[in-house]
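Trainee: Please pick a single part of this model and give me a close look at it. I'd like the cut-offs along the way, so that I could recompute everything.

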Amino acid sequence: MEELGDLKNRGVKEIHFGDASFGYPKENAEKILRGMIDASFGFQWSSYIHPLQPSAAMFDLIQKSGCHTLVFGIDSADESLLASFGRNVRCEELSRFVVECKKRGLSLCGDVMLGFPGETLESCRRTLEFAQGLGIDFISINFASPLMGSALRSQSVDEGTLMPDQHGFHTLAPGNGEIDRSSLLRLRRQALRSFYLRPSYLLRQLLRVGSVEAASIRMNEALGVFSKKGQEAWAGNLQTRRT
């Protein structure tokens, strides 16, 4: 709270909480949110969040404290595949999370994961179709990699395909034995264009633009997604959230 007060005094208006999953521990998160509301900081903010983390009461605090966007994981629509990696968020739970956020006017970015071991192109397409059908505002498409702390890394070490001291992996499409790297990258490019160029999506975003500044930001975002430079940046600097 002291740090937030200092930011307010410095004239900061926008905050991104860099937690891997905002809202945990719950008691800490609620104290921060109530403190922001009581102090009338007036911040606009965003963060990653686990879709099963917030209760109805926390959703209300998130909204009242100035949150405008939450980023959450849509790892795969194949629930049996997810279970094998210790990920147990069902599609219906993701749908309920989206509904609760939309009730409160929150924007949503879905973080999709492709290329789990054993996953096929058809499975990847089902995941992308599910994500698009949720009615989210933005989409981030990443690739499964054996990052530190992930179940995929533990499995790779156990199978002997990765040494315990190996590191430096990133989310650049590695391929998974079933799908080669070029196919994953091509699928990702197609999915981005399909998501952001839908007439219904474009209309919805235009209706939400409230100022010339906001319209300019949206235009720059679009150019970043579809320009060659933007594609290269996405391919080399993908950010990810791992459990």
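Mentor: Happily! Helices and strands here are DSSP runs, helices being H or I over at least four residues and strands E over at least two, numbered from the N terminus. The model is predicted, so local features need pLDDT of at least 70 and side-chain atom pairs count only at pLDDT 80 or more, while totals for chains, interfaces and linings use all residues. Residues are numbered from 1 along each chain as its sequence is written, and side-chain values use heavy atoms, with hydrogens and water left out.

The part I'd choose is helix α3, residues 56–64, together with its surroundings. Met58, Phe59, Leu61 and Ile62 of α3 are buried, where buried means under 20% relative accessible area, exposed over 50% and partly exposed in between, using a 1.4 Å probe on protein chains only. These four span an arc of only 165 degrees around the axis, so they sit on the same side of α3; the arc is taken from the directions that lead from the helix axis to the C-beta atoms. Just past the helix, Gly66 adopts a positive phi of about 110 degrees.

What covers that buried side? The cover includes α2 (26–38), β2 (44–48), β3 (67–74) and α5 (91–103), contact being heavy atoms within 4.5 Å.

Let's begin with α2. Its axis and that of α3 are 9 Å apart, and the two helices pack at an angle of about 35 degrees. Axes are lines fitted to C-alpha atoms, for helices over the stretch in contact, and angles run from 0 to 180 degrees between N-to-C directions. From α2, the contact draws on Lys26, Ala29, Glu30, Leu33, Arg34 and Ile37; from α3, on Met58, Leu61, Ile62 and Lys64. Sorted by class, that gives six nonpolar, no polar and four charged residues. Here Ala, Val, Leu, Ile, Met, Phe, Trp, Tyr, Cys and Pro count as nonpolar, Asp, Glu, Lys and Arg as charged, and the others, Gly among them, as polar.

Next come the strands. Five of them form an open sheet with parallel pairing, in the order β1-β2-β3-β4-β5. At the edges stand β1 (14–17) and β5 (138–143), each with a single partner strand, so one side of each has no neighbour in the sheet. On average, neighbouring strands are turned by 15 degrees against each other, direction ignored. Two strands pair if DSSP finds at least two bridges between them.

β2 is mostly covered, with four of its five residues buried. Four bridges tie β2 to β3 in the parallel sense, and Trp45 stands opposite Cys67 in β3. Parallel β1 is likewise joined to β2 by four bridges, and there Ser46 is the bridge partner of His16. Ser46 is buried at a relative accessible area of 11%. Beyond its neighbours within four places in sequence, Ser46 touches Glu14, Ile15, His16, Phe17, His68 and Thr69.

Finally, α5 lies across β3 and β4 (107–114) and runs at about 175 degrees to β3.

For context, the protein chain has eleven helices and five strands, and buried residues make up 43% of its 243 residues.
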